[in-house]
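Student: Hey, got a minute to walk me through this model? I'd like to go piece by piece.

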Amino acid sequence: QVQLVESGGGLVQAGGSLRLSCAASGSIRWINNMAWYGQAPGKQRELVASITDDDMTHYADSVKGRFTISRDNAKNTVYLQMNSLKPEDTAVYYCNAQIRVYGLVAVRGYWGQGTQVTVSS
């Protein structure tokens with residue numbers, strides 16, 4: 001079994017910062033892409049940022065220059081540094097990882113439970 005556990009969400013004023021963390025655990029042989037998605041109230045879940053296993057990154061236009069995604073492969077952990085936060089960044093943020101587990105050939109996507117980020121104006 002694989003688990004993704006997120007932390008770091010909370011309430012912050014506009015212009016503030018938060019750092020989200022997501023740690024993967026279990027029978028993990030390899031983690032390919034890792035990503036953060038955001039789901040605002042009443043909206044679909046959308047990609048915020050992603051990072052490959054060789055540290056190539058991609059960002060949604062709305063967060064470019066404000067958010068930074070990074071990963072620590074030794075800890076199977078992905079981070080999202082969120083700076084200059086805006087009220088429209090308010091959402092539940094979900095971690096996603098493409099993982100190959102021992103005993104299986106296929107890579108499968110796993111999700112964390114989500115962490116709430118609320119930005120007040």
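Tutor: Sure, here is a quick chat through the strands, the disulfide, the pocket and a few single residues. This is a predicted model, so local features need pLDDT of at least 70, side-chain atom pairs count only at pLDDT 80 or more, and totals for chains, interfaces and linings use all residues. Residues are numbered from 1 along each chain as its sequence is written, and side-chain values use heavy atoms, with hydrogens and water left out.

Student: Okay, how many disulfides does a search of the whole structure find?

Tutor: One, where a disulfide is a pair of cysteine sulfur atoms within 2.5 Å. The partners are cysteine 22 and cysteine 95, with their sulfur atoms 2.2 Å apart.

Student: Which parts does the pair tie together?

Tutor: Cysteine 22 is in strand 3 (residues 18-26) and cysteine 95 is in strand 9, so the link joins parts 73 residues apart in sequence. Strands here are DSSP runs of E, at least two residues long, numbered from the N terminus.

Student: Are those cysteines buried or exposed?

Tutor: Both cysteine 22 and cysteine 95 are buried. Buried means under 20% relative accessible area, exposed means over 50%, and partly exposed is in between, using a 1.4 Å probe and protein chains only. As for handedness, the link between cysteine 22 and cysteine 95 is left-handed, with -75 degrees about the S-S bond.

Student: Switching to sheets: in what order do the four strands of the open sheet come?

Tutor: The order is 1-3-8-7, and the pairing is antiparallel. Two strands pair if DSSP finds at least two bridges between them. Strand 1 (2-7) and strand 7 are the edge strands, each pairing on one side only. Neighbouring strands of this sheet are turned by 15 degrees against each other on average, direction ignored. For that angle, axes are lines fitted to C-alpha atoms (for helices, over the stretch in contact), and angles run from 0 to 180 degrees between N-to-C directions.

Student: How many bridges join strand 3 to strand 8?

Tutor: Six, and the two strands run antiparallel. One pairing to look at is leucine 20, whose bridge partner in strand 8 is leucine 80.

Student: And strand 7 to strand 8, how many bridges there?

Tutor: Six bridges, with strand 7 and strand 8 running antiparallel. Serine 70 stands opposite tyrosine 79 in strand 8. Strand 7 and strand 8 form a hairpin with four residues between them.

Student: Which side chains of strand 7 point to which face?

Tutor: They alternate: Phe67, Ile69 and Arg71 point to one face and are buried, while Thr68, Ser70 and Asp72 point to the other and are not buried.

Student: What about asparagine 76, what's its phi?

Tutor: Asparagine 76 has a positive phi of about 50 degrees although it is not a glycine. Asparagine 76 sits in the loop between strand 7 (67-72) and strand 8 (77-82). With a relative accessible area of 23%, asparagine 76 is partly exposed.

Student: And serine 84, where does that one lie?

Tutor: Serine 84 is in the loop between strand 8 and strand 9 (91-101). Serine 84 has a positive phi of about 50 degrees although it is not a glycine, and at 42% relative accessibility it counts as partly exposed.

Student: Back to strand 3: what is serine 21 in contact with?

Tutor: Leaving aside neighbours within four places in sequence, serine 21 is in contact with Val5, Glu6, Ser7, Trp36, Val78 and Tyr79, contact meaning heavy atoms within 4.5 Å. Serine 21 is in strand 3 and counts as buried at 18% relative accessibility.

Student: Last one: where is glycine 103, and is it buried or exposed?

Tutor: Glycine 103 is in the loop between strand 9 and strand 10 (108-111), and it is exposed, with a relative accessible area of 80%. Glycine 103 and glycine 9 are 34 Å apart in space, C-alpha to C-alpha, and 94 residues apart in sequence.
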